[in-house]
Amino acid sequence: MNLLSFILVDMEKIRLQRLFRFVLTLFFVFVEISLNSCTEKRAVSVLKDDTVFTLQYGNFEDELNVFDFSDIGSIRTSIAMRDGFFYIANGESKKIMELNSYGDLLKLYYNEENNLVPSFANNSSATDNTRKAISYPFNEITSLALDSKKCLYVVDRLPLERQEQDTEKRLVLGQIVLRFDDDGNFIDYLGQQGPGGTPFPYIKKIYVTNENELVVICTTTTGSVVYWFSTTGYLLYTIPIEKQNVPNPLSAEANDVWYEVENIVPDYKGRKLYLKVDYFSSHIDDASRIQSGITYEKSLLYALSVPEGTYSKPITIPPYTEQVASGFSTGNYDIPYDFLGVSDNGWFFFIVSTDSGFSLQMIQEDGQRVLKRNLDLNHKENLFYTFHLGNTGILSVLLVRDENATVNWWRTDSLIQAIGSL
């Protein structure tokens, strides 16, 4: 081969190398553009809230009192909403307010020793006939729930002399569930066996299903126990949920595994319980080979059939990923969501606190659709907040601030309807 042939071969190699570099450059540019466009599509939008009404602080019937300096412990005020009516259990004032969506007081359940007798207690005028005052000696009210007939269920604590002890299980049995009809008349109280039964251990929350069956979620020293009552108030099921009976899919994968039942919520349409379980494992330092902490693995949501006592195949709950910067490096950390509840149309709701407010995650019952929305909320402006998820999927919140308290809601039900129509 002569010199000219070598030169031509080298020039052809150079031309092919330049062409290859050019094509490779175009490929990376295309990949970068694609990733950027995908990132923009994955950007989580903000779900706007609406302020329904505002409450002032004070001791009058339509005012809120959450700053009881004579008492210690956490704030015991909670909220519930059903059919556009709001119910606020003001534990510090030992009263319950029923309000419409304009913030007008309709009913007041109050302890006379801790509250002023409202002006409309005797129905002295036509205007006062639209409001009703019900006197009841509340002691320490916390959670509340409403059924479809607007009957009120509220958790109250018995006086010390009426509380009982379970020495075998090392439990204090001191809480009951009061029942009022839609006119505000006291019906009775429910204990573990039904009307007038043994007091409950600590009640975490109560729910009422679409069939008007009461579900009481209690916390014990060994886990949880759920009491399921009929529409007449008699006990149907007692479901103990202890750690050794909760499924653990990681047991075969690792020796050091921890897991906890973060929340238990009943289904509104059937006799099912949903358990959200968080799983953790030991973290071994690569350099020293010594356990230096625990690592969050995953969260699973199980459906437990109450009549059969069997678990269905779980749904994996994607975690919230937070990016943390340290010096010149950044790292991603997975944080499990808290389980809020389930709606009538089969959407599960999860929430976690963020720097700008909250991240809300909604997952369809079959796990096929996942919606994520940011809820803007200034944590510095709010001294206390408590959420309520209604059976229709409306998320309500009571916000306690310096000057006043507001009731807000996010119309997640409209969002789900819009997604379902696509």
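## Exercises: salt bridges and a five-stranded sheet

Arg271 forms a salt bridge with Glu213, and their closest N and O atoms sit 2.7 Å apart. Keep in mind that this is a predicted model.

### Exercise 1: A pair between two loops

Work out where Arg271 and Glu213 lie, and decide whether Arg271 is buried, partly exposed or exposed.

Solution. Start with location. Arg271 belongs to the loop between β18 (257-266) and β19 (272-284), while Glu213 belongs to the loop between β14 (203-208) and β15 (214-220), so this pair ties together parts that are 58 residues apart in sequence.

Next, check accessibility. The cut-offs are under 20% for buried and over 50% for exposed, with partly exposed in between. Arg271 has 33% relative accessibility, so it counts as partly exposed. Glu213 comes in at 8%, so it counts as buried.

### Exercise 2: Another pair, and a network

Find the salt-bridge partner of Arg411, then say which residues are linked in a network of salt bridges.

Solution. Begin with the partner: Arg411 pairs with Asp413, with 2.8 Å between the closest N and O atoms. Then look at burial. Arg411 is partly exposed at 32% relative accessibility, whereas Asp413 is buried at 9%.

Now the network: Glu262, Lys276 and Asp278 are the linked residues. The count of salt bridges comes to eight.

### Exercise 3: Laying out the sheet

Give the strand order of the open sheet and pick out its edge strands.

Solution. Put the five strands down in the order β2-β3-β4-β5-β6; the pairing is mixed. The edges are β2 (78-82) and β6, each of which pairs on one side only. On average, neighbouring strands here are turned by 15° against each other, direction ignored.

Then go through the pairings. β3 (residues 85-90) and β4 run antiparallel, joined by five bridges. β4 and β5 (residues 105-110) also run antiparallel, again with five bridges. β5 and β6 run parallel, with four bridges between them. As a reminder, strands of a sheet pair through backbone hydrogen bonds, either parallel or antiparallel.

### Exercise 4: Inside β4 and β5

How many residues of β4 are buried, and which of them point the same way from the strand?

Solution. Count first: five of the five residues in β4 (residues 95-99) are buried, so the strand is mostly covered. Now sort by direction. Lys95, Met97 and Leu99 point one way, Ile96 and Glu98 the other, and all are buried.

Move on to the bridge partners. Met97 is the partner of Ile88, and Lys95 is paired with Tyr110 in β5. Glu98 stands opposite Lys107 in β5.

That last pair deserves another look. Glu98 and Lys107 also form a salt bridge, with closest N and O atoms 3.4 Å apart. In general, side chains of opposite charge can pair when their charged atoms come close. Glu98 is buried at 5% relative accessible area, and Lys107 is buried too, at 14%.

Finish with β5 itself. Five of its six residues are buried, so β5 is largely enclosed by the rest of the structure. Across to β6, Leu108 stands opposite Ala133 and Tyr109 stands opposite Ile134.

### Exercise 5: Two turns and a loop contact

Which residue takes a positive phi in the hairpin of β3 and β4, and which does so in the turn between β4 and β5? Then find what Asn139 touches.

Solution. Take the hairpin of β3 and β4 first. Four residues sit between these strands, and Lys94 has the positive phi, near 55°. In the hairpin of β4 and β5 there are five residues between the strands, and Gly103 in the turn has a positive phi of about 85°.

Now locate Asn139: the loop between β6 (132-135) and β7 (144-146) holds it. Asn139 is partly exposed, with a relative accessible area of 28%. Leaving out residues up to four places away in sequence, Asn139 touches Lys94, Asp156, Arg157, Leu158 and Pro159.

Lys94 therefore turns up both in a hairpin with a positive phi and in the contact list of Asn139. Asn139 and Lys94 are 45 residues apart along the chain, and their C-alpha atoms are separated by 6.8 Å. As a last step, follow the Asn139 side chain: it reaches the backbone oxygen of Arg157 at 2.8 Å.

Technical notes:
Residues are numbered from 1 along each chain as its sequence is written. This is a predicted model: local features need pLDDT of at least 70, side-chain atom pairs count only at pLDDT 80 or more; totals for chains, interfaces and linings use all residues. Side-chain values use heavy atoms; hydrogens and water are left out. Buried means under 20% relative accessible area, exposed over 50%, partly exposed in between (1.4 Å probe, protein chains only). Contact means heavy atoms within 4.5 Å. A polar contact is a pair of N or O atoms within 3.5 Å; within protein, one must be able to donate a hydrogen and the other to accept it, and residues adjacent in sequence count only if both atoms are side-chain atoms. Axes are lines fitted to C-alpha atoms, for helices over the stretch in contact, and angles run from 0 to 180 degrees between N-to-C directions. A salt bridge is a side-chain nitrogen of Lys or Arg within 4 Å of a carboxyl oxygen of Asp or Glu.
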